[in-house]
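Dear colleague,

I am handing over a structure for you to look at, together with some notes on what turned up in it. Please read the notes with the coordinates open beside them.

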Amino acid sequence: MISLSVQPLLWFLAVGLPLVLAAGTLLRRYGPVALAWAPWTPLLALAVGVVAPSDSVVSLPWLLLGAQLGMDATTRVFLCFTALLWTCAGFYARAYLVEDPARQRFFAFFLAALSGNVGLVLAHDAVTFYLFFALMSFASYGLVIHDGTREAYRAGRVYIILVVVGEVLLVSALFLMVPGADTVAFSAVSSAVAAAPRRDLIVALTLAGFGIKAGMLPLHVWLPLAHPVAPTPASAVLSGAMIKAGLLGWIRFLPVGEGTFPGWSGFCIGAGLLAAFYGVLIGLTQTNAKTALAYSSISQMGFMTIAVGIGFASPVAWPAAVSAALLYALHHALAKGALFLGVGVVQQVQNGWQLWVVLAGLLCPALALAGAPLTSGALAKLALKDALAFFPLFRPGWLEHLLSLAAVGTTVLMARFLYLLQPGGHSHAPRLAFGLWVPWMVLLLSVLGVPWLFVSQPHGAVVSKTLSFSAFWPVGVGVVLAGAAWRFGRRWALLGTLRVPSGDVLITVTWLMSWWQRQWRSLLAPLMAGKQEVWLARYRITGIERAVLRMEGQLGRWANAGLLFLLLAGVLFATFVFG
Amino acid sequence: MNAAVLYTLMGVGLFSIGLHGFLAQPHLLRKVLALNIMGSGVFAVLMATAWRGPQLPPDPVPHALVLTGIVVAVSATAFALALLRRIHTATGRASLPEDTAA
Amino acid sequence: MNAWIVWPVVVPLAAATLSVLAGQRMARVIIGSATVAIVGALAGLTLQVWQNGPQRHVIGGWEPPLGIQLYADGLSVVMLWMSTVVGALIGVYALGYFAHDSGTTGTAATGEHGDNSELFWPLWLFLWAALHALFLSADIFNLYVTLELLGLAGVALVNLAGGQLALVAGMRYLLASLLGSLAYFLGVAFLYATCGVLDVRMLSTRVSAHPAVWLAIAVMTLGLLLKTALFPLHFWLPPAHANAPAPVSALLSALVVKASFYLLLRLWFQVFSVVLPPVAGQVLGILGVLAILWGSVLALRQQRLKLLVAYSTVAQIGYLFVLFPLAGGTAWGAAAWSGGTFHALAHACAKAAMFMAAGTMMAALGHDHLHELAGMGQRLPLSMFAFALAGVSLMGLPPSGGFVAKWLLLDAALASGQWWWGAVLIVGGLLAAGYVFLVLRQAFAPLPADVRYRPVPRVMELAALSLALLAFLLGLMAIPPLTLLQIGAPFVGGLGTEALP
Amino acid sequence: MQGHPAANIPLSEGQPGGCSVRRLLALFSWALVLVLAWAALSLPSHSPGLVDFVHAELEHSGVVNPVTAVLLNFRSYDTLLEVGVLLLAVFGVWALPRERVWGAPLGAPVAGPVLHTFVRLLAPLMIVVGGYLLWIGAYAPGGAFQGGAVLAAMGVLVWLSDLAPLPRFSRWDMRMALLLGFATFLAVAGGVMVGGGRLLEYPRLWAGSVILLIETALTVSIACILILLFLGGVGEKRRATEGVREREAKQ
Amino acid sequence: MSWDTALPVLVLLSSLVPGLVIFFLREEQSRVRTALNLAGAVVKIGLVGIMLWGVYHERHYETRLPLLPGLDLILRADALAMLLTTLSAGLWLVTTIFAVGYLEGSPHRSRFFGFFSLCVTATMGIALAHNLLTFFVFYELLTLTTYPLVIHRGTPQALRAGRTYLVYTLAGSAVLLLGIVWLHRVAGPFSFTQGGALSHLGPQSHGTLLVIFALLIAGVGVKAALVPLHGWLPVAMVAPAPVSALLHAVAVVKAGAFGVVRVVYEVFGIRFAADLGVTTPLALLAALTIVYGSLRAVVQDDLKRRLAYSTVSQVSYIALGVATPGSISSIGGIVHLVHQGIMKITLFFCAGNLAETLGIHRVSEMNGVGRRMPWTMVAFTVAALGMIGVPPMAGFISKWYLGVGAVEAGQGWIIAVLAASSALNAAYFLPILHTAWFKHPTGEWKEEHPRGRFEADWRLLLPSLVTAALVIATGLFASTVMSPLTWAKLIAAREYQP
């Protein structure tokens, strides 16, 4: 293994080098160099994820409020899939944007978001986590609006508003949860939360704060808006890697495994199930492939929410729940990444066989998402069901059936996605760019292989478990349903007429916002923009002033002055006499 | 009631008349004259204090004070009159503007 | 010679006489040496008072009540210093002012001085002598003579301006001054009739609650109020001060009104204090407050710079009278006494500087219309600066003399529980800021291209500036005058900075 | 009007404020009378006064007349300042804008044989009377002011009857005469201090002589001052130092 | 006079003397003027550095001058004083450089730099003042020296603004004076004492003390722009940019906030103040100001006005932290004194640079300006994010301590205020960033100022970059020994000593 003195350096580089290169891309002179090196940087993070010893911590007391970077099992899983996805997306992006004049700016934000993503995974204290979370969130804004279209700006606006709201909720939660301003290590925080007097408030704030990132209902609205407008590699990392930061935040900050919280457990499972079905149902009504994928992400994140809900149920369930969540995250990151990158590749195809190859390739992650046997999806579902065994509240069977039902939906949604793919669309890349194909292929292979590396049980037993009927039937039903729908194509059209605008509940919010804006404009804005606060400096008492001036003239007349003279003498005399 | 009191009363009467005239009369010459009447009133009051009965010699101090006062009054009057003439030359009036303008 | 006390009176009288006889060049030498002599004598007197307490000088060797005696305590000395320093610097200013004007003809309407400017020097010296005599005299009749001397000198100086406005203003001033003197004189007559003495200290032991005494106090006070131009008897002051030549305005506003105030202070607190009910002080305090507000508001409405400054004097006089209701208690009397008198001192420096600066601007522009002063900060930066520094003192901002005065008065007001006087002080300070900045903002307005300026002698600007600096820094050297003021003061004790138990 | 600037200044000019103000003023004046009368009536019937002090020190004063003693010795400081007031009045008149024409109601000096003769006879008499008044002041009512007033009246008469021209106070010697009294008085006041005395503390033995000296000088000056005040600053260039300047120019 | 007593005076003189000399320089002697200014600033930094070292090692630097019997002017370098002193000294240097570039070729520079130096002197005096009287003296001096700067341009608008400025500040100081005199009457002469100087007063005077506290806070609150006493601040925006920078970051507003700190901690004492029950109203007032200022900022199109309202909001963080009884909040409030300074000065530098280089005054004119002036906008972005409270900028540190401190003090509602404020900060800063970086320029830029080798005159650019770097550094290295945070902790520890 690498000696400890090299270790911190490597970690710094993994986090810092992207930032340095991000700055470099903005410089006229160093831009091309930085661009050339940009896709390689996530490999540093991958290296850390592979070689760093478990449970090692690097303390940086001089940084911020005393930063800690560390490595544990969670970190390792997250770091691996994050780095892998970013690497592929990075190379992909270089090819994808090769003709884009603003690609330097794209890479600046890309690298900054990368740095944030890697940093937050490595962070071992609340403030550092928050720091990198913010870095990632704000940097992604540049990715979302990169195309500069109206839709992109709209998506960006929604995104940034939610980011700010999320940051605010998070920082409020942090204020409440840290036991002291300088005691911010995770080890201290999570136990403090369980004992905190305002625990429920903290949990609510944390759930909502990270829920925005994790696409939790109803805070998911930015996802379906942002993914279609962002450049494809950006969508891949947004949906594959960054969305998982929300999950990681939950794992790090929620008092899961610290006690029994049946209320929150029920809430999370309910919310997760709702998301799982809601995402599918709305996704089916979409006409854009990337939007459909976005809704799929919402749906899939619902499963991870369920895992968190299991963790809330009891400390006993948590180890199984967290490993299920990690596996699910890993699987979903790679699969969703491959699907997104595939969307771009499909736009590249020039002839039939290429299309069939791509579709075949895309089938793998699609099936994986649906949880088909032998896929990583099956592994993840298995882990989740294992975790359910520890779940004391509901009858597990009932819940398992619901999960299977959701898998049916996912299958149909994936079919719908494949149907929506538009070969030969617009692209900045030249035809058949290897820069697009190769990263996609690598990711495809990863989807197939990598998850198995993280399965602790003997592979043989696992394989046999995935081959069970319960893994088969949802996919089968889904395929049949999809086939029927395709056969009777008008049904699809029917779905099209039912089309829900992407961003669904956002419509209501938008309406509310515009109502508020009208009120603001008509009532408050003039009030707020005016100068009425200068009340102190305004004095206009012309009437009194005129009277004063007139009286001053009267005082100057001898008779009046004399009267006053005598009067005052009298008053004074009177005070002597009577005083 | 003795002569001194009578003189005093005459003095305060003169003073009051003078003061009234000074305040009520806009013409500057009248004002100056009124001031002199007021002065005379004060002189009278002061002179009355010198009286110490028919037998005793009068108090010389008030005499001296009045003499000094007269000289001062003369000076002030002369100056005021000269000023009055200049004002009349310059403005064509012999009263102050605040009392002229109704 | 130990009798330093007489020279502040004798020297300017002698110099006045000689300056009339001597030629112009000689006159300067005479005036210069007279100033030096006065300062020297004053220094000697100050030392005597500092070391041995109040000084007396029996004139002619005739002890009171027969004779007249000069008396100097801390208050007199402080007033003498005020008059000497301010007067001397005004003299320096006048050197430039009248030299500047000799080649030009004044316009009658705006009150530029006429052709008799050489008479300024004897008149100024007489005024100086009258002030010093007043500050030193301890005989109520002699004080009457000094008042007349002062009044006539003042009016004569105003008329040096020569214009129609100045003549009318001078006449009004003369009449008011004479009325005030006569009222005072009547009081003297009644007091002599009642008590049979004229000496101030003997009088203080003989006055009793008696109608004649009450009447005497009432008419004397009113006469002096008229001469001090306390609201509502201030009508004569603004035109007189505004239309006089600038050095004269400075003299009148800075020093002359202080003389009658000083006399009131003496009479109220050292002669009549036994027969005065506290409510009488309240009456004067109320008038003072009204003066502050009235003068300030009118100053804000003026269109001419010198009128503005003159109305400011009306307002600032009001501060002096806030002393009267406050200087009663034991715990805070000293603070009020010191504060009021220190205010007189600070105001003298500041107001003289202000009128001098205003005069400089007027000399350069040929008029003093406020709205046409734009850009004066560039033409006459030193004068504007002097005006600003003096303004700071008027506003009562630290570290100026005005600040120390305000602090002490405020302290006394709060200590006595009569916080409303303090509130008025504060409001007055704000109003002062209002009219001072009305002028100062003109300094920053852009310079109009078509206005012609006459160059002015540098000495004018420097004289104004030094007085303004003095006013501004007076707060930093407040301890010596404040200590001096305690010598022979009716209220002795700490200045209210000790904690109440 | 311009031809006779000061002629016939009408006495009815202007209005003294409104009717109510006038009534109020009258009311207040009456109130003043009453209050003053109350005070006057409450005065002690015999004022204590200073007469005993005066008589106790009269023999040291150098004069016999107690009033003169008070004026020129006991309270000589008052008198010194009073002469200052007189001088100041002259300076004040000079400080006024120059009046170019002596357009007095009296017109120009009148020449006529009767007047001439009368004034010629009267003038020496008035000088004698003036001198007498000055001298008698030490013993009886009289003194410098009275003497000076008579002399001034003579001067005015002489001028009005065109017997002599106006005195030119721009001349150095005339100016000396004007200032003589005050200067002497002041010189004595300060001069006695040279020997360690107090201000105006005359040597006891020479008090009478010193007073006479001062009074004599004052008589001359007061005469000049009164003439000047009568003229009201008319008739000559009044540049204060003009004569001196002329002299300087000649040298 | 020993070195230790001379040092505080020397610190004042290092800007006073150049200021006075500059008044007498002719307009075209710009080299001499600049040299004097810079020399003064460098000397001051050196002196402050020495003092900083000394104070850290518990040396006492104190100067006394008797002003009234029993009342001295006292200048003393304590830890709190050093915080503001260091800030002012450092920012004076960069602001001078900026101002030299900004005012190049404009009239009345001698006057400007003269008052500029005097203004810094007054700020130094406020920082070093060790009793209320001294504080007041320099507080007023600050009013007087900033007025000419505010109306420097002499336009009718500037003159009007100047009037408003005066009405507010002078009224405030009048109230302050009343409070100070009254307090001296009640408590006798006292100087600033760590932990408070009034706790010995019995309960019979508590009613009076309440009134006095209100007077004092109203007095300093005008300069600290507490609602409803903030009206002058947005109006004073007509001043040249370096003045605004100085006004908002170092001098006037900071003087007010510093006054709040002194009054609460070293006059009343935080514990005593909490016992009196005055801290909660103050905190509420500060909270109101924070939210109100932000709301007003959102709707401003004029860039400097927006920044001005932002100042209204941000400065009250200091008051909020100070008024929350608890050492963590105090740290937050005190450290924000510095953090707000460097962030806001950066923003104003950038705004000034935009105005001077391209004639941009409004947010709506900033379309795509990030391409034309990327470095300026980078600095702006850094400072704006800091204002929002994004880590690792300085603003985050402040907010962190305020938030955690609020919980510690049991004042949970403050978190809601902080959250609302952060959201509103984002609402008025992020659109600017978006406009500048992502929108397309609407037309050709009006190049108003020779730009030299860089995107703008280097004297306009460099200061903002330096301060922007400081914004990051103070946040990133907050835990190091000489960071503002460490100083704030030191101060808070001393204030809370039993």
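The notes below go through the chain contacts, then the nonpolar core, and then a single leucine.

This is a predicted model, in which local features need pLDDT of at least 70 and side-chain atom pairs count only at pLDDT 80 or more, while totals for chains, interfaces and linings use all residues. Residues are numbered from 1 along each chain as its sequence is written, and chains are lettered from A and ligands numbered from 1 in the order in which they are written.

Taking two residues to be in contact if their C-beta atoms, placed from the backbone, lie within 7 Å, chains C and D share the most contacts of the 8 pairs of chains that touch. This contact takes 53 residues from chain C and 51 residues from chain D. On the side of chain C, several elements give two or more residues, among them α1 (7-21), α2 (24-52) and β1 (55-58), where helices (H or I, at least four residues) and strands (E, at least two) are DSSP runs numbered from the N terminus. The largest share of that side, 11 residues, comes from α5(C). By class, the side of chain C that touches chain D has 34 nonpolar, 16 polar and 3 charged residues, with Ala, Val, Leu, Ile, Met, Phe, Trp, Tyr, Cys and Pro counted as nonpolar, Asp, Glu, Lys and Arg as charged, and the others, Gly among them, as polar.

Chain D also meets chain A, with 10 residues of chain D in contact with 9 residues of chain A; the chain D side has 8 nonpolar, 1 polar and 1 charged residues. Chain D and chain E, by contrast, do not touch, and their nearest C-alpha atoms are 37 Å apart.

The largest nonpolar core has 809 residues, such a core being a set of buried Ala, Val, Leu, Ile, Met, Phe, Trp, Tyr and Cys residues joined through C-beta atoms within 7 Å. A residue is buried if 20 or more other C-beta atoms, placed from the backbone, lie within 10 Å of its own. C:L467 is one of the residues with the most contacts inside this core, and, leaving aside neighbours within four places in sequence, C:L467 is in contact with residues including C:V86, C:L89 and C:C349.

In chain E, E:L433 lies in helix α18 (residues 413-438) and is buried, with 21 other C-beta atoms within 10 Å. Beyond its neighbours within four places in sequence, E:L433 is in contact with E:T381 and E:A384.

Best wishes

Methods. Buried ≥ 20, exposed ≤ 12 C-beta atoms within 10 Å, placed from the backbone.
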